[in-house]
Amino acid sequence: MTLRLPLQVNHLIDLLSGSGHEAYAVGCCVRDRLVDLIPAEWEVCTDASLAQAASCIQNELHIEPKQEPNSLMLVVDGVSLRVTTATFRQESSSSNPKPDLSDRGLTVNAIAYHPVKGLVNEFHGLEDLEGKLIRGIGDPDIYFRRNPFNMLQTLRFSALSSCRMDRSVASSIHRLAPMLSDIPAERASVDFCRILMCSNAAGTIRNYFDVASALIPSLAAPLEREANLPALVARSLEHCPPDLTVRLALLLLPIERQKGAVTGALAKQAALDFALDSLTAGYIEQLCGAYDTFIPTSPTEMKKMIAQYGKPLFQRLILFKKALIYSGQGSKVDSILSLHRSNLLLGDILRTNQCCTLRELAVGQEDLTAEGLSPEDAKRILPQLLEQVWAQDSLNTREKLLPLAKRLAR
């Protein structure tokens with residue numbers, strides 16, 4: 001089998017080989033490439049020491065590699081490369097030394113590739129990829145205990161590739177999920193958010209909600225009270241496009257609903273505790289806080305609400321409400337018919353670029369003061385002009401608004 005590697009990876013392998021060392025692309029990057037995913041990073045293992053590898057790289061690429069524990073990191077023309085050392089062994093049936101892949105944890109991770117020598121696939125990882133199966137090499141507990149972060153990486157690959165876990169790997173993740181609470185939230189949140197953006201995010205959340213509650217402890221209480229919570233959240237994700245903010249709000253909403261009044265404050269705090277940025281946490285608060293808010297079906301009222309939320313967040317609110325309704329979690333103020341009408345109205349407002357906010361008015365405070373209005377009158381009259389434009393968008397021109405402002409100022 002021929003595997004197309006980036007030119008930078010081929011060049012790195014050539015540099016190491018030209019210095020008398022063995023070198024292979026290995027691990028997750030090979031796995032991802034075999035299933036047509038784009039690797040975030042390419043790993044090349046070699047029998048050279050890190051000092052020898054660094055010398056090869058510095059002499060030929062004129063790049064100073066960054067030393068990390070047991071590896072060298074470098075970026076060549078935008079491609080991230082990791083160089084690691086490995087044990088190579090000579091087999092009696094082959095003249096080519098091959099890397100020892102036995103500590104890679106999973107069969108799909110234990111695949112190496114050389115542009116000339118081809119694949120090293122002694123643990124049948126290629127066959128498992130073709131069969132959409134994730135299996136362990138030996139006891140998966142050892143792999144996950146060695147680095148609990150491996151659980152998140154395995155779940156992410158499963159969600160991206162639609163590969164299923166074999167029983168021992170799945171059981172190990174469920175058994176060891178509490179260890180994920182020891183991972184710094186700043187690191188865990190990045191990979192968990194990537195899982196939420198995968199096409200099979202719903203299936204992952206349904207089957208591994210215990211992982212989510214280990215990472216976000218405030219999910220544990222609603223899970224105890226509602227046994228079918230994973231299925232409900234998964235159904236809402238199935239009806240939500242890949243918008244990270246909305247999907248996070250759908251995941252965190254149960255934290256709010258168990259307390260009665262839904263304000264969004266608890267969901268916001270959970271987001272902040274999970275090291276999400278303050279802007280995203282604020283959006284989550286507003287989305288969850290609008291759980292019991294009716295989405296208008298009249299143009300004027302909708303524009304008023306868009307002015308409150310802003311167009312991007314209001315569009316997300318429609319997605320949020322729709323996902324909840326179709327998953328059977330909508331509030332009493334929501335109905336499929338009314339939300340459908342609201343969605344059509346929103347589409348018409350956006351398509352015709354109708355004015356909804358003060359920023360979109362054809363005149364501003366400086367325009368009104370230039371016409372002789374005092375700053376106080378201008379500030380008072382602008383919201384009144386906006387209300388007029390909400391009712392009749394054709395008024396949103398300088399020629400119509402300036403005379404109207406003068407009349408309102410009298």
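## A covered strand, its sheet, and some helices further on

Both faces of β2 are covered: Trp42, Val44 and Thr46 point to one side, Glu43 and Cys45 to the other, and all of them are buried. That makes 5 of the 5 residues of β2 buried, so the strand is largely enclosed by the rest of the structure. Keep in mind that this is a predicted model.

**The sheet around β2**

What kind of sheet is it, and in what order do its strands run? It is an open sheet of 7 strands, ordered β3-β4-β5-β2-β1-β8-β9, with mixed pairing. The edges belong to β3 (66-68) and β9 (118-120); each has a single partner strand, so one side of each has no neighbour in the sheet. On average, neighbouring strands are turned by 30 degrees against each other, direction ignored.

As a bit of background, strands in a sheet pair through backbone hydrogen bonds, in either a parallel or an antiparallel sense. Both kinds turn up around β2. On one side, β1 (residues 23-26) runs antiparallel to β2 (residues 42-46), and 3 bridges join the two. Ala23 has Thr46 as its bridge partner in β2, and Tyr24 is partnered there by Cys45. On the other side, β2 and β5 pair in the parallel sense over 5 bridges, with Trp42 partnered by Leu81 of β5.

Here are the pairings with their bridge counts and an example pair for each:

| Strands | Sense | Bridges | Example pair |
|---|---|---|---|
| β1 and β2 | antiparallel | 3 bridges | Ala23 and Thr46 |
| β2 and β5 | parallel | 5 bridges | Trp42 and Leu81 |
| β3 and β4 | antiparallel | 3 bridges | Gln67 and Leu72 |
| β4 and β5 | antiparallel | 6 bridges | Val75 and Ser80 |

**Two hairpins through β4**

β4 takes part in two hairpins. With β3 it pairs in the antiparallel sense over 3 bridges, and Gln67 finds its bridge partner in Leu72 of β4. That hairpin has 2 residues between the strands, and Asn70 takes a positive phi near 65 degrees. With β5, β4 pairs in the antiparallel sense over 6 bridges, one of the partnerships being Val75 with Ser80 of β5. This hairpin also has 2 residues between its strands, and in the turn Asp77 has a positive phi of about 50 degrees. As for burial, 5 of the 6 residues of β4 are buried, so β4 too is largely enclosed by the rest of the structure.

**Helices on the sheet**

Back to β2, which is joined to β1 by 3 bridges. Helix α1 (residues 7-18) packs on this sheet, touching β1, β2, β4 (71-76), β5 (79-85) and β8 (112-114), and its direction makes about 10 degrees with that of β2. Helix α3 (residues 50-61) packs on the sheet as well: it touches β3, β4 and β5, and its direction makes about 15 degrees with that of β4.

**Further along: α14**

Which residues of helix α14 (residues 265-273) are buried? They are Ala267, Ala270 and Ala271. These cover an arc of only 100 degrees around the axis, which puts them on the same side of α14. That fits the usual picture: an α-helix has 3.6 residues a turn, so residues three or four places apart point the same way. The buried residues of α14 pack against α13 (244-257) and α15 (278-289). Just after α14, Ala275 takes a positive phi of about 65 degrees.

**α20 and the loop after it**

Helix α20 (residues 375-391) has 17 residues, which at 1.5 Å a residue should span 24 Å; its end C-alpha atoms are 25 Å apart, so the two agree. There is a bend, though: α20 turns by about 30 degrees at Ile381, and a proline, Pro383, follows within four residues. Its buried residues are Ala378, Ile381, Leu382, Leu385, Leu386, Val389 and Trp390. What covers them includes α16 (299-309), α19 (365-370) and α21 (398-409).

Between α20 and α21 comes a loop that holds Leu395. Is Leu395 buried or exposed? Its relative accessible area is 16%, and buried means under 20%, so Leu395 counts as buried. Leaving aside neighbours within four places in sequence, Leu395 is in contact with Gln388, Val389, Lys400 and Leu401. Of these, Val389 is among the buried residues of α20. Leu248, by contrast, lies 147 residues from Leu395 in sequence and 39 Å from it in space, C-alpha to C-alpha.

Key: Residues are numbered from 1 along each chain as its sequence is written. This is a predicted model: local features need pLDDT of at least 70, side-chain atom pairs count only at pLDDT 80 or more; totals for chains, interfaces and linings use all residues. Side-chain values use heavy atoms; hydrogens and water are left out. Two strands pair if DSSP finds at least two bridges between them. Axes are lines fitted to C-alpha atoms, for helices over the stretch in contact, and angles run from 0 to 180 degrees between N-to-C directions. Contact means heavy atoms within 4.5 Å. Buried means under 20% relative accessible area, exposed over 50%, partly exposed in between (1.4 Å probe, protein chains only). The expected span of a helix is 1.5 Å times one less than its number of residues. The bend at a residue is the angle between axes fitted to the seven residues ending there and the seven starting there. The arc is that of the directions from the helix axis to the C-beta atoms.
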